[in-house]
Amino acid sequence: MQLLNFAKDKAKPVLNYNSIFTAYNKIIKTENATNFGFMYVEANGLVGRHRAPVPQLFIVIEGDGWVQGESDEKVKVQKDEAVLWEKGESHVCGSQNGLTAIVIQSAELQI
């Protein structure tokens with residue numbers, strides 16, 4: 001048995017895309033290039049605009065925030081809601097109060 005700790009203080013800062021106050025804690029990576037991870041967006045934090053390298057599922061498990069796809073329209077998201085971005089889709093997300101999300105990324109992701 002292996003005990004694992006995914007606490008926020010174990011997460012690594014997100015330094016790409018001009019992101020601020022954001023950290024990522026990968027859960028697991030499979031042989032088929034599937035990544036599962038925790039995303040911590042602190043109050044007033046954001047993950048800067050970028051294109052999804054593969055389909056990405058962003059599941060909010062705590063807090064609330066906003067997301068944008070190709071348009072500049074901000075869409076509110078909260079606990080128990082998720083967003084799926086397709087490969088190549090430009091997107092950005094952030095939070096005024098902070099949020100925690102599980103992020104699943106895979107070329108084979110199908111909903």
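Q: Which word fits F58 and W85, buried or exposed?
A: Buried, for F58 and for W85. In this predicted model, that label means each residue has under 20% relative accessible area.

Q: How many aromatic pairs does a search of the whole structure find?
A: The search turns up two. One of them is F38 with Y40, and its rings lie 6.1 Å apart, centre to centre, with 15 degrees between the planes.

Q: Why is the F38 and Y40 pair called stacked?
A: Start with distance: 6.1 Å passes, because ring centres must lie within 6.5 Å to count as a pair. Then the angle: 15 degrees falls in the stacked class, because that class takes planes under 30 degrees apart. Both F38 and Y40 are buried, by the way.

Q: What makes the F58 and W85 pair tilted?
A: Their ring centres are 5.7 Å apart and the planes meet at 55 degrees. Stacked needs under 30 degrees and edge-to-face needs over 60, so 55 degrees lands in the remaining class, tilted. This pair also links distant parts of the chain: F58 belongs to strand 4 and W85 to strand 6, 27 residues apart.

Q: How do you know that the charged end of K74 sits over the ring of W66?
A: The charged end is 4.2 Å from the centre of the W66 ring. The distance limit is 6 Å, so K74 meets that part of the test. There's an angle condition too, within 35 degrees of the ring normal, and K74 is listed as sitting over the ring.

Q: Why is strand 7 described as largely enclosed by the rest of the structure?
A: Six of its six residues are buried, so the description follows. Both faces are covered: S90, V92 and G94 on one side, H91, C93 and S95 on the other.

Q: What makes strand 3 and strand 4 partners of strand 7?
A: Bridges do. Strand 3 is joined to strand 7 by five, running antiparallel, and strand 4 pairs with strand 7 in the antiparallel sense over three. At least two are needed, so each pairing qualifies. C93 in strand 7 has V47 opposite, and V67 also stands opposite C93.

Q: How do you know what kind of residues line the largest pocket?
A: Sort the 20 lining residues by type: 13 are nonpolar, six polar and one charged. V14, Y17, Y24, M39 and Q105 lie nearest the centre, and strand 3 gives the largest share, four residues. The pocket's volume is about 450 Å³.

Definitions and conventions
Residues are numbered from 1 along each chain as its sequence is written. This is a predicted model: local features need pLDDT of at least 70, side-chain atom pairs count only at pLDDT 80 or more; totals for chains, interfaces and linings use all residues. Side-chain values use heavy atoms; hydrogens and water are left out. On a 1 Å grid over the protein atoms alone, a cavity is a set of points where a 1.4 Å probe fits but cannot get out, and a pocket is an open set with protein on both sides within 12 Å along at least five of seven lines; lining residues have an atom within 4 Å of a point. Grid points are joined across faces, edges and corners, and a volume is the space filled by probe spheres set on the points. Helices (H or I, at least four residues) and strands (E, at least two) are DSSP runs, numbered from the N terminus. Ala, Val, Leu, Ile, Met, Phe, Trp, Tyr, Cys and Pro count as nonpolar, Asp, Glu, Lys and Arg as charged, and the others, Gly among them, as polar. Rings of Phe, Tyr and Trp (its six-membered ring) pair if their centres lie within 6.5 Å; planes under 30 degrees apart count as stacked, over 60 as edge-to-face and the rest as tilted. Buried means under 20% relative accessible area, exposed over 50%, partly exposed in between (1.4 Å probe, protein chains only).
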